[in-house]
Amino acid sequence: MGNDSFFIKTKQDEYRARNVVIATGPFQNPNIPLFSEDIHGSINQLHSSQYKNSSQLLDGNVLVVSYGQTEILFLEKKIQKKGDPIFGFELKHTIKTNDVKVKKRLIGVDKDLLIFEDNTTLKVNNIIWVTGFKHDFHWWKMDGILDREGKVIHSRGVTNTKGLYLIGLPWQYRLGSALLQGIGYNSKYIANKIEDGSPSL
Ligand SMILES: Cc1cc2nc3c(=O)[nH]c(=O)nc-3n(C[C@H](O)[C@H](O)[C@H](O)COP(=O)(O)OP(=O)(O)OC[C@H]3O[C@@H](n4cnc5c(N)ncnc54)[C@H](O)[C@@H]3O)c2cc1C
């Protein structure tokens, strides 16, 4: 960045711009707990973004880690019989019939033994991490724009650097900010800020 403009380098071309809106998506890299690296190599590990079908799984039991919306969709898909619609009751039924066991939070591992918050342990053949995503901002060659946790410092997508904006972050403004229906109100806000030549955060 210099002379009040940004220098942008792509694989093909180079540009200068006074305003840049970063819209590189809310779901970039798998967010998997670090202790997954200590898990014994005999256990098959996948992130939900890699999972396509059950042929990727080893025979035996599967631990699906997390209980976000994606996990529920994932479990419902797995237990859905071909052609059946999903109305949300299948998962409850499966839990009741003990086909799916619900465990407390996974907190660590000792070789091939998984340890849960309530000090119970379990051996599994497969783990599917449905633990969400994290951002990748390593390509931003600018100082002072990230906080200690590596998150961008911003207010409603307006960063602390004049002319630099973001769109599509989770909770950028509201719950829906990282969802398709969130694009309208967020982009209008950012467009107005650019038009006004608003100063940075
Ligand atoms: C499992 C799942 C289910 C979902 N279900 C729903 C749903 O039911 N309803 C809903 O509203 N939303 C849903 N979403 C969210 C939806 O996918 C996002 O809201 C939407 O994709 C966000 O659009 P975006 O353009 O901000 O980001 P993206 O669609 O992620 O696009 C970002 C683009 O930026 C590119 N990019 C990244 N880094 C760079 C770089 N350095 N240089 C150049 N390009 C780059 C990427 O390749 C990508 O093409 C779901 C998401 C997931 C993961």
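## A predicted chain with a three-stranded open sheet

The chain has three helices and 14 strands. What you are looking at is a predicted model, so a word on confidence helps before the details. The mean pLDDT of the chain is 84, with 80% of the residues reaching 70 or more. The stretch to treat with care is residues 80-87, where the pLDDT falls below 50 and the model shows three contacts beyond near neighbours in sequence. Where pLDDT is low, predicted coordinates should not be read in detail.

Two figures describe the chain as a whole. Of its 201 residues, 15% are buried. Of the contacts between residues at least 6 apart in sequence, 52% join residues at least 24 apart. One pair distant in sequence is Ser-66 and Gly-132: 66 residues separate them along the chain, yet their C-alpha atoms are 8.7 Å apart. Ser-66 sits in the loop that runs from strand E6 (62-65) to helix H1 (69-79). Is Ser-66 buried, exposed or partly exposed? It counts as partly exposed, because it has 18 C-beta neighbours inside 10 Å, and a buried residue would need 20 or more.

### The sheet E7-E8-E9

Let us turn to the open sheet, in which three strands follow the order E7-E8-E9 with antiparallel pairing. Strands E7 (106-110) and E9 (121-122) are its edges, each pairing on one side only. In general, strands of a sheet pair through backbone hydrogen bonds. Here, E7 and strand E8 (residues 113-116) are joined by four bridges. Leu-106 has Phe-116 in E8 as its bridge partner, and Asp-110 stands opposite Leu-113 in E8. On the other side, two bridges link E8 to E9, again antiparallel, and Ile-115 has Thr-121 in E9 as its partner.

Both connections are hairpins. The hairpin of E7 and E8 has two residues between the strands, while that of E8 and E9 has four.

### Positive phi angles

Most residues other than glycine have a negative phi, which makes the following residues worth a look on the structure.

| Residue | Place | Phi |
|---|---|---|
| Lys-111 | hairpin of E7 and E8 | near 55° |
| Asn-119 | hairpin of E8 and E9 | near 70° |
| Gly-197 | just after H3 | about 65° |

Arg-156 can be added to these: it has a positive phi of about 50° although it is not a glycine. Its place is the loop between strand E12 (154-155) and strand E13 (158-159).

How do the surroundings of Lys-111 and Arg-156 compare? Lys-111 is exposed, because it has 11 other C-beta atoms within 10 Å and the cut-off for exposed is 12 or fewer. Arg-156 has 17 C-beta neighbours inside 10 Å and therefore counts as partly exposed.

### Helix H3 and the ligand

Helix H3 (residues 183-196) contains 14 residues. From its first C-alpha to its last it reaches 20 Å, close to the 20 Å expected at 1.5 Å a residue. Gly-197, with its positive phi, comes just after H3.

Which residues are closest to the ligand? They are Thr-24, Gly-25, Gly-168, Leu-179 and Leu-180, out of 12 residues that surround it. By character, the shell around the ligand divides into seven nonpolar residues and five polar ones, with no charged residue.

How values were computed:
Residues numbered from 1 in each chain as written. Predicted model: local features only at pLDDT ≥ 70, side-chain atom pairs only at ≥ 80, totals over all residues. Pairing = 2+ DSSP bridges. Near = placed C-beta within 6 Å. Nonpolar A, V, L, I, M, F, W, Y, C, P; charged D, E, K, R; others polar. Expected span 1.5 Å × (residues − 1). Contact = placed C-beta atoms within 7 Å. pLDDT = per-residue confidence, 0-100.
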